[in-house]
Amino acid sequence: MGKKTISPAVLDRLPTYLAYLKTLPPGTRYISATGIAKALAMGEVSVRKDLSAICDIGRPKVGYSVSELAEIIEAFLGYDRTDTAIIAGAGKLGRALLDYEGFRAYGISLAAAFDNDPALWGKTESGKPILDVENLPVFCRENNVHVGIIAVPASAAQDICSKMAACGIRAIMNFAPTHLLSPPGVTVRNENIATSLAQLCKSAAEI
């Protein structure tokens, strides 16, 4: 089956479906769109449309094979292969991300962090390297890196983004508190933790 093109909104929801499927009790063979929607407090029509965008294994009065649906979502998201990623910025956030083992479940291997502060060069507690940012081009070329994470101060983020693009990185997650401009051919996802937390607090206050 060839890879289908879906909207960014659907792509954002697929990991949620997968995470739910993995919480089902062992031995659960089938799940309906209605059951998924109810468990996740989502619209049944939306769930059904999302899943039909990537597969056609749903059966009337039976639903979806849990194991097969999970495998399809994992394959669609690329979790069945391993992508090597790097981090620019070896401060507290960068080191925490570098040592977080949970990324492996999603087919991501964080290989190294880069920083311009010599005091940070060396290895983390888990043994992963923190290197001079000048080594970024060689490391990316030798390790076929196409995914990058930015965890540097806002003032340095755009420059690092450009450096990553020049190294062949084509997907960037930005944790710096600034909106980055995407270089040609590069997808940048801006993640502002402070903004997200503020929005969450506002939602809690309105409940």
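# A chat about sheet, helices and side-chain pairs

Me: Let us begin with F114. Is F114 buried or exposed?
Reply: In this predicted model, F139 is buried at a relative accessible area of 14%, and F114 is buried as well, at 1%.

Me: How many aromatic pairs does the structure hold?
Reply: There are two aromatic pairs. In one of them, Y100 and F103 meet edge-to-face, with 5.1 Å from centre to centre and 90 degrees between the planes. Y100 is partly exposed, at 47% relative accessibility.

Me: And how are the rings of F114 and F139 arranged?
Reply: The ring centres of F114 and F139 are 5.4 Å apart and the planes stand at 75 degrees; planes over 60 degrees apart count as edge-to-face, so this pair is edge-to-face. Because F114 belongs to strand β4 and F139 to helix α6, the contact ties together parts that are 25 residues apart in sequence.

Me: Which residues of α6 are buried?
Reply: Helix α6 spans residues 136-143, and its buried residues are L136, F139 and C140. These residues lie on the same side of α6 because they cover an arc of only 95 degrees around the axis.

Me: What covers that buried side?
Reply: The cover includes the strands β3 (83-88), β4 (108-115) and β6 (129-132), together with helix α7 (154-166).

Me: Which exposed residues are on the face turned away?
Reply: R141 and E142 are the exposed residues on that face of α6. Just after the helix, N144 has a positive phi of about 50 degrees.

Me: Changing topic: in what order do the strands of the sheet run?
Reply: The sheet is open and has seven strands, in the order β5-β6-β4-β3-β7-β8-β9, with mixed pairing. β5 (122-123) and β9 (187-190) are at the edges with a single partner strand each, so one side of each has no neighbour in the sheet.

Me: How do β8 and β9 pair?
Reply: β8, residues 171-174, pairs with β9 in the parallel sense, over four bridges. Within this pairing, N174 stands opposite N190 of β9. Helix α7 packs on the sheet, where it touches β3, β7 (147-150), β8 and β9, and its direction makes about 170 degrees with that of β7.

Me: Now the charged side chains. How many salt bridges are there?
Reply: The structure holds seven salt bridges. One of them joins D12 and R189, whose closest N and O atoms are 3.1 Å apart. This pair links distant parts of the chain, with D12 in helix α1 (residues 8-21) and R189 in strand β9, 177 residues apart.

Me: Are D12 and R189 buried or exposed?
Reply: D12 counts as partly exposed at 41% relative accessibility, and R189 counts as partly exposed at 42%.

Me: What does the salt bridge of E74 and K22 tie together?
Reply: The side chains of E74 and K22 meet at 2.7 Å, N to O. E74 lies in helix α4 (residues 66-77) and K22 in the loop between α1 and β1 (30-31), so the salt bridge ties together parts 52 residues apart in sequence. E74 is partly exposed, at 21% relative accessibility.

Me: And where are K163 and D159?
Reply: Both are in helix α7, four residues apart, and are therefore separated by about one helical turn. Their side chains form a salt bridge of 2.6 Å, N to O. K163 is partly exposed at 32% relative accessibility, and D159 is partly exposed with a relative accessible area of 45%.

Me: Which residues are joined into one network?
Reply: D12, R189 and E191 are joined by salt bridges that share partners.

Terms used. Residues are numbered from 1 along each chain as its sequence is written. This is a predicted model: local features need pLDDT of at least 70, side-chain atom pairs count only at pLDDT 80 or more; totals for chains, interfaces and linings use all residues. Side-chain values use heavy atoms; hydrogens and water are left out. Buried means under 20% relative accessible area, exposed over 50%, partly exposed in between (1.4 Å probe, protein chains only). Helices (H or I, at least four residues) and strands (E, at least two) are DSSP runs, numbered from the N terminus. The arc is that of the directions from the helix axis to the C-beta atoms. Contact means heavy atoms within 4.5 Å. Two strands pair if DSSP finds at least two bridges between them. Axes are lines fitted to C-alpha atoms, for helices over the stretch in contact, and angles run from 0 to 180 degrees between N-to-C directions. Rings of Phe, Tyr and Trp (its six-membered ring) pair if their centres lie within 6.5 Å; planes under 30 degrees apart count as stacked, over 60 as edge-to-face and the rest as tilted. A salt bridge is a side-chain nitrogen of Lys or Arg within 4 Å of a carboxyl oxygen of Asp or Glu.
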